[in-house]
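Subject: Structure handover

Dear colleague,

Here is the structure we discussed, with notes on what was found in it. Please read the notes with the coordinates open.

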Amino acid sequence: MPQEKELGGPIYDAVMYDEGTVAIRFGRDVERDWMQNDKHRSIMAPEGSHVWLTSDADIRKRMNRLAELDPPKSSAKVIVEGRVGEPLAIQIIDERTGMVGKASSLDDMELATGSPINTKSITKAIGTLGNSQWSISDLDLSQLDDDIWCRMGLIKDTRRRAIEDLQNKVNNGGSTDIPTTQDTISTDDVPVVDQILTDMASDTAEEDITTAQTKLSVLARTEDQVDAICHMIESMDGSSGISEVIVDFLEIDGIRKAVSRIREIKSYNDLRVVVASPRIIKPGEEGIWQTLLKTKPDGLLVRSTGLLHRLMQLGGTGKTVTIKDSEGTIEVTIPELIGDFSLNAANAISAYELLESGLSRITAAYDLSGNAITELAILLGNRASQLEVVVHQHVPIFHTEHCVFARFLSNGDSYQDCGHVCTRNNVHLRDQNSKDNLVLADMGCRNTVFMSEAQSGAYDVHEWVKARVGSLRVEMVDESGMDAVKIISSYLRFLDGDIYADDLWDVLEEIPDSNGRLGGVGVGSLRNDRERKSGSLSSSVH
């Protein structure tokens, strides 16, 4: 009856008794509820009752497939305008409604000093309008001057905002009385994450990935290590396999000497020298990075977004800047900028955006497992050649402004009265497991504690190389020059296929710190959910 409560549920069984008669059985809970509502009934539905089918698995599957289909896209004309000294302007015209989305870049176009932007690069940056309801029917570049240049990321950002402007107008029936896209952030119309993933999928790196080979860089923290590495390279007559030496020293005099020593190597002209910046540079400490630029390195290892932002404000790689010197002012060129782990490139989107901001390489974040790094490289596609992975290191486990050198080894409180004891003494903190964890000071007098146990990605190297990771890095802390050479040469032999991962592991197990104590080696943060059997992999990666 209409006034009665309707009961139902999943059908458990349907039995054909005779022609025209079907017995339908529901679950016990449904049948029990029905009987409790009317205890005089022996069956759930009397003869002649209407039984409604409210769900069908086949129909539901078909409807789900239809719901997942992308809606048809509207055609749109894209007009790009650009002149030297003016912002880049992009218009997207919906050819069905006639509505126009507009946006201008936040920076001006520049006169090209090298290769100007061309039709190919503009077309790649504009893409296919990404995850929007429009597809390009015509791309008009006739109002774009010759011999102009801007970052590809600038074009992509302007295109994204033009799409948002058009989408807002469509949603508001063409009204222009809405906030501009520069004042609002759209989270519904054009998902930013989807747009960036689309950009990544259509992007290509400058390097030819068919010939790119994984390179090895070495980070040294003492003059003894630099000198020993240079002797090793010289003795190998230019075929060492090392593409780059990164100098990460406390004192600027030591940095100058190290850079000069590396430059002296005549038999290996392709060897690059990079200097490392501190993790933190506070306001008023600009003299630190300016001093590093005076050493004229091939590259600068950038460890903070603040420094990256400042250098990009000055024009980025290749730009000449004027800085103060003891004799007045000098001009220095901003070198290639390499992002370190502390920029926290923990996923493909963050890595891609950091590369778009002006970095030539980006180092994978330290909280990624070996498998996660492989997935990161795969998601980066062609950009994986710009990904660097630290294959050997002592992980920094604590960073603080408190200086244990000044506190315990001097009567002073800061660099002004401590006597710079950090340049003459080694300090380790012994933990509850009797492990000695090294403490190092940086140019800003901040201290970093490094784990006593070395971390190695030897058992993940093969997957990283297959995923086209562009560079591997071996980092030293307080090892002697002799032990530094032993570590580096063992990794080189492993990469060349001369030894197995187990053999490399045995060497690393026996490397002492500056106190002569063994810290051992492990996989650390690179540990995967399901560990591979030690030594089960082939050693050759080329």
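Leu 300 is a convenient place to begin: leaving aside residues up to four places away in sequence, Leu 300 touches Val 274, Val 275, Ser 277, Leu 292, Leu 293, Leu 307, Leu 311, Pro 335, Glu 336, Leu 337 and Ile 338, where contact means heavy atoms within 4.5 Å.

Before the rest, the conventions. This is a predicted model, in which local features need pLDDT of at least 70 and side-chain atom pairs count only at pLDDT 80 or more, while totals for chains, interfaces and linings use all residues. Residues are numbered from 1 along each chain as its sequence is written, and side-chain values use heavy atoms, with hydrogens and water left out.

Overall

The protein chain has 15 helices and 24 strands; these are DSSP runs numbered from the N terminus, helices being H or I of at least four residues and strands E of at least two. Of its 542 residues, 45% count as buried. Buried means under 20% relative accessible area, exposed means over 50%, and partly exposed lies in between, with a 1.4 Å probe and protein chains only. Among contacts in the chain with a separation of 6 or more, 68% are between residues 24 or more positions apart.

Cores

A nonpolar core here is a set of buried Ala, Val, Leu, Ile, Met, Phe, Trp, Tyr and Cys residues joined through side-chain atoms within 4.5 Å. The largest has 80 residues, and those touching the most other members are Ile 242, Leu 300, Ile 362, Leu 387, Trp 464, Leu 472 and Ile 488. Helix α14 (residues 481-495) gives the most to this core, with seven residues. A second, separate core has 24 residues, including Val 80, Leu 88, Ile 117 and Ile 122.

Two of the residues named for the largest core also meet in strand pairing: Ile 362 has Leu 387 in β17 as its bridge partner. Strands β16 (residues 361-363) and β17 pair in the parallel sense over two bridges; two strands pair if DSSP finds at least two bridges between them. Seven of the seven residues of β17 (residues 387-393) are buried, so this strand is largely enclosed by the rest of the structure.

Sheets

An open sheet of four strands runs in the order β5-β4-β3-β7, with mixed pairing. Its edges are β5 (100-108) and β7 (134-144), each with a single partner strand, so one side of each has no neighbour in the sheet. On average, neighbouring strands are turned by 15° against each other, direction ignored. Axes are lines fitted to C-alpha atoms, for helices over the stretch in contact, and angles run from 0 to 180 degrees between N-to-C directions.

Within this sheet, β3 (residues 74-82) and β7 run parallel and are joined by eight bridges; Ala 76 has Ile 136 in β7 as its bridge partner. Helix α3 (residues 119-126) lies across β3, β4 (87-94) and β7, at about 145° to β7. Helix α4 (residues 152-171) also packs on the sheet, touching β4, β5 and β7, and its direction makes about 150° with that of β5.

Another open sheet of four strands has the order β18-β21-β20-β19 and antiparallel pairing. Here β18 (396-400) and β19 (427-430) are the edges, each with a single partner strand, so one side of each is left free of a neighbour in the sheet. The average turn between neighbouring strands is 25°, direction ignored. Four bridges link β20 (residues 436-441) to β21 (residues 447-450), with Leu 438 opposite Phe 450.

Separately, β13 (residues 320-325) and β14 (residues 328-333) run antiparallel with six bridges, and a hairpin joins them through two residues. Thr 320 stands opposite Thr 333.

Helix pair

The axes of α6 (residues 223-235) and α7 (residues 252-263) come within 10 Å and cross at roughly 0°. The two are therefore roughly parallel, a label for angles under 35 degrees. On the α6 side the contact includes Glu 223 and His 231, and on the α7 side Lys 257 and Arg 261.

Backbone

Most residues other than glycine have a negative phi. Asp 147 has phi near 55°, lies in the loop between β7 and β8 (148-149) and is partly exposed at 48% relative accessibility. Asn 344 has phi of about 65° and is found in the loop between β15 (336-339) and α10 (348-356).

Regards

Terms used:
Parallel < 35°, antiparallel > 145°, perpendicular 65-115°, else oblique.
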